[in-house]
Amino acid sequence: MAGESTHRYAGMGRDQVLRMTAGMRQNFANVGLPYAFTDQGLVANTMDAHRVLAWCGSPEAQDKAVEVIFNGYFAEERAPNDRDLLIEACVAAGKSEADARAFLDDKSAMRDQVQRELSEARGVRGVPHFVIRQPGRDPVQISGAQPPEIFERALQ
């Protein structure tokens with residue numbers, strides 16, 4: 001199994017997890033995104049997903065890959081380290097399936113870069129977590145699911 005049930009992973013009861021996800025379901029619905037996460041959804045170590053995103057390179061390629069990963073996790077209840085899901089993400093980002101398989105087999109590829117980025121992100125309290133950097137301004141950090149207005153203010 002690629003992951004374990006959310007309530008076992010988080011140390012919460014099934015009912016508590018389902019109540020917590022009700023708010024997420026509404027947030028997704030508010031912006032027209034699918035959300036099918038139940039107590040059958042799987043959570044797992046996300047290191048390989050982070051490695052994939054780092055390997056994808058450009059922000060555009062990363063966006064394509066993360067769309068696949070997030071859709072798999074939130075709409076299809078797939079674990080974020082599901083190998084087939086990560087291969088799909090790589091292909092969406094323009095990598096070949098063969099290269100994606102080879103990359104995932106090499107557990108050291110991009111690991112140091114991801115570890116550095118994660119150590120810089122200590123204190124992050126929610127996901128997704130965005131750091132918006134604009135020339136001449138201090139970085140703005142946005143943590144957790146937030147309404148569009150928060151991003152609009154950060155980008156002004």
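Which helix holds both phenylalanine 70 and phenylalanine 74, and how many residues apart are they? I looked this up in a predicted model. Both residues lie in helix 4, which covers residues 59–75. They are 4 residues apart, about one turn of the helix.

Entry on ring pairs. I found 7 aromatic pairs in the structure. One of them joins phenylalanine 70 and phenylalanine 74 in an edge-to-face arrangement, with 6.0 Å centre to centre and 70° between the planes.

Entry on accessibility. I then asked whether phenylalanine 74 is buried or exposed. Its relative accessibility is 16%, so I list phenylalanine 74 as buried, the cut-off being under 20%. For phenylalanine 70 I noted a relative accessible area of 39%, so that residue goes down as partly exposed.

Entry on the second partner of phenylalanine 74. I looked up tyrosine 73 and found that it forms an edge-to-face pair with phenylalanine 74, at 4.8 Å centre to centre and 75° between the planes. Tyrosine 73 and phenylalanine 74 are both buried.

Entry on the cluster. I followed the ring pairs outward and obtained a cluster made of Phe28, Tyr35, Phe70, Tyr73 and Phe74.

Entry on charges over rings. Which ring does the charged end of lysine 95 sit over? I found it over the ring of tryptophan 55, 4.5 Å from the ring centre. I also recorded arginine 51, whose charged end sits over the ring of phenylalanine 103 at 4.7 Å from its centre.

Technical notes: Residues are numbered from 1 along each chain as its sequence is written. This is a predicted model: local features need pLDDT of at least 70, side-chain atom pairs count only at pLDDT 80 or more; totals for chains, interfaces and linings use all residues. Side-chain values use heavy atoms; hydrogens and water are left out. Rings of Phe, Tyr and Trp (its six-membered ring) pair if their centres lie within 6.5 Å; planes under 30 degrees apart count as stacked, over 60 as edge-to-face and the rest as tilted. Helices (H or I, at least four residues) and strands (E, at least two) are DSSP runs, numbered from the N terminus. Buried means under 20% relative accessible area, exposed over 50%, partly exposed in between (1.4 Å probe, protein chains only). A charge sits over a ring if NZ of Lys or CZ of Arg is within 6 Å of the ring centre and within 35 degrees of the ring normal.
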